[in-house]
Amino acid sequence: MIIKPKFFDSFRCIASDCPDTCCAGWEIDVDEDTAEYYSTLTGENGEYVRSKLRCEDSVQLCREGERCPFLRGDNLCELILRLGEGALCDICREHPRFYSGSDGVTEVGVGLCCPEAARLWLTESCEFVYEDDGERMSAVEEETVARQLMLIRHITSGGGTLGERLARLIDDEPDAELYPKLRRLYTLLEALDPSFAGGFSDAPVSVTDKRYIKLAAYFLFRYYFELGETLCIKFTAASLVMIAAMGGDLVTAAKDFSKEVEYDTDNLDRIYDFLSDCCGLAKLCREVLGG
Ligand code: SF4
């Protein structure tokens, strides 16, 4: 079974209209099938494509500065223009889609690191649809999905503020020093953009913007299977608190946060380690997430 946000199929890359680009700042490994395809290309296109590859232990796209070698000045992809979308490697074809779940259930969505995906998550309704892919969910998987969707319903339409809804689920001891500890943790993460570390306010920032509820649904949908319920709720709460502390336009803050945090497994592991043992999140949620 596939579960996805109702808006999922309407996602389209906005290419040269994108205020950011996912084609800069990352190391891109080319999958074996695509590397093999590139090696068989003939003529000028073959020479061109292979001149942009670095073949050592694995095949990677050679970055030019921070940018993908196929990214033109107008932010269109030269590879697509020459050979069509079918010529993209797996990472480029799939991005910013994510997949989670287990054997009988695949949860698929689009990651907040893409401004168009972030815009959809923050404007569309938090509804999820099922699609039959021929895989049957086990009884345990059915129960897990039911708990997850119930949790998302509680967060999106339960009683009280978003902060109160999260706090009731976390229910930990207060720790007045939690925000400074979180700020220090996120400030010391490995970052693509050095200004990310300096982007968090000195004190927690209270927000009433109802779009934080949609952001919560995103994190609960994306991480529930991977982290389990307790850590997933804590990760959701901490992410919202830190996005609020970034200030500015919410789509931009969510996108920047996602790029730096969600796509670096070392950063994620450090955050998960910290959250597993920390206290004070319930109180911090009540203070910050008043919407
Ligand atoms: S970040 Fe999103 S909209 Fe922008 S170029 Fe990448 S996929 Fe397209």
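This is a short tour of the structure above, stop by stop, with something to select at each one.

Before you click, note that residues are numbered from 1 along each chain as its sequence is written. The model is predicted, so local features need pLDDT of at least 70 and side-chain atom pairs count only at pLDDT 80 or more, while totals for chains, interfaces and linings use all residues.

**Whole chain.** Start with the protein chain as a cartoon: you will find 13 helices and six strands (DSSP runs numbered from the N terminus, with at least four residues for a helice of type H or I and at least two for a strand, E). Along the principal axes, the C-alpha atoms fill a box of roughly 65 × 45 × 35 Å. The radius of gyration, taken over C-alpha atoms, is 20 Å, which agrees with the value near 19 Å for a compact globule of 291 residues; the globule rule is 2.2 Å times the number of residues to the power 0.38.

**Two domains.** Next, colour 23–94 as domain 1 and 150–288 as domain 2; such bounds come from an automatic or database domain assignment. Their C-alpha centres lie 35 Å apart.

**The core.** Now select Ala216, Leu220 and Val241, the residues with the most contacts inside the largest nonpolar core, which has 72 residues. Such a core is a set of buried Ala, Val, Leu, Ile, Met, Phe, Trp, Tyr and Cys residues joined through C-beta atoms within 7 Å. Helix H9 (residues 211–227) gives the largest share, 12 residues. Both domain 1 and domain 2 give residues to this core, so it lies between them. Zoom in on Leu220: beyond four places in sequence, it touches Gln148, Leu151, Ile152, Ile155, Cys232 and Thr236 (contact means C-beta atoms, placed from the backbone, within 7 Å).

**The ligand.** Show the ligand and the residues around it, among them Cys13, Cys18, Cys22, His95 and Cys114; a residue is near if its C-beta atom, placed from the backbone, lies within 6 Å. This shell divides into eight nonpolar, two polar and two charged residues. Here Ala, Val, Leu, Ile, Met, Phe, Trp, Tyr, Cys and Pro count as nonpolar, Asp, Glu, Lys and Arg as charged, and the others, Gly among them, as polar.

**Val129.** Finish at strand E6 (residues 128–131), where Val129 is found. Is Val129 buried or exposed? It counts as exposed, with 12 C-beta neighbours inside 10 Å; 20 or more would make a residue buried, 12 or fewer exposed, and anything in between partly exposed. Apart from neighbours within four places in sequence, Val129 is in contact with Lys4 and Lys6.

Key:
Contact = placed C-beta atoms within 7 Å.
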